[in-house]
Amino acid sequence: MKTIEVDGIKVRIQIWDTAGQERYQTITKQYYRRAQGIFLVYDISSERSYQHIMKWVSDVDEYAPEGVQKILIGNKADEEQKRQVGTEQGQQLAKEYGMDFYETSACTNLNIKESFTRLTELVLQAHRKELDGLRTRASNELALAELEEDESKPEGPANSSKTCWC
Ligand SMILES: Nc1nc2c(ncn2[C@@H]2O[C@H](COP(=O)(O)OP(=O)(O)OP(=O)(O)O)[C@@H](O)[C@H]2O)c(=O)[nH]1
């Protein structure tokens with residue numbers, strides 16, 4: 001659990017780090033079901049990890065809820081001398097999948113806060129749309145109920161005083 005502030009709102013996020021290894025796949029897929037935001041992470045010093053992203057994307061598409069927010073991460077940006085994946089390759093892949101992209105380093109903290117804030121922002125935005133939809137529906141239904149209540153009232157105050165005079 002971690003609390004971060006987005007647009008002045010304090011948001012508590014729960015983070016799961018899923019295993020990349022094949023033998024844990026059954027468990028990993030169960031995490032997707034309840035995810036609202038997902039980081040797809042490769043290692044910039046491993047071309048192989050970059051090639052694996054497509055497989056991760058297809059797994060996410062298959063098992064994560066529709067509308068899940070995704071960000072592509074090229075981690076270990078501090079390992080410049082071992083780099084096998086160019087920044088533009090990351091940008092290109094992210095563009096293909098319509099994702100935001102960050103190069104990060106867990107060692108130097110490069111873009112860690114920024115990427116978490118951005119993913120939280122995207123999740124909030126996605127839910128804000130849902131909430132706004134619900135709010136509009138609720139207020140329309142309320143207005144309709146008030147209208148129906150008014151129409152079903154028997155008489156106004158003028159008529160009721162007339163009743164008294166009879
Ligand atoms: N130089 C550098 N090393 C890192 C960075 N992030 C993680 N590592 C190292 O990479 C190794 C693997 O890190 P993990 O966090 O276990 O990676 P993972 O992807 O969660 O691994 P799995 O759970 O097996 O999928 C560890 O030795 C970390 O110290 C980084 O940003 N820079």
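## Starting at one pair of residues

Let's begin in the middle of the sheet's pairing: I73 stands opposite Y102, a residue of strand β5. Keep in mind as you explore that this is a predicted model.

Which strand does β5 pair with over four bridges? Its partner there is β4, made of residues 69-75, and the two pair in the parallel sense.

## The sheet as a whole

Now step back to the full sheet. Three strands form an open sheet in the order β3-β4-β5, with parallel pairing. Strands β3 (37-43) and β5 (100-103) stand at the edges; each has a single partner strand, so one side of each is left without a neighbour in the sheet. From one strand to the next, the twist averages 25°.

## Helices on the sheet

Which strands does helix α2 touch? This helix, residues 47-63, packs on the sheet with contacts to β3 and β4. The direction of α2 makes about 160° with that of β3.

Helix α3 covers residues 87-97 and lies across β3, β4 and β5. Its direction runs at about 160° to β5.

## A nonpolar patch on the surface

Finally, look at the outside of the model. W16, Y24, I27 and Y31 make a nonpolar surface patch of about 350 Å². One of these residues, Y31, sits in helix α1, which spans residues 25-33.

Why can Y31 be part of such a patch? Patch residues need over 30% relative accessible area, and Y31 qualifies on that count because its value is 32%, which makes Y31 partly exposed.

Definitions and conventions: Residues numbered from 1 in each chain as written. Predicted model: local features only at pLDDT ≥ 70, side-chain atom pairs only at ≥ 80, totals over all residues. Heavy atoms only, no water. Patch = residues over 30% accessible without salt bridge, like charges linked within 9 Å, V, L, I, M, F, W, Y side chains within 5 Å. Areas by Shrake-Rupley, 256 points an atom, 1.4 Å probe, with all protein chains shown as cover. Salt bridge = Lys/Arg side-chain N within 4 Å of Asp/Glu carboxyl O. Buried < 20%, exposed > 50% of the residue type's maximum accessible area, 1.4 Å probe, protein only. Pairing = 2+ DSSP bridges. Axes fitted to C-alpha atoms, helices over the stretch in contact; angles between N-to-C directions. Contact = heavy atoms within 4.5 Å.
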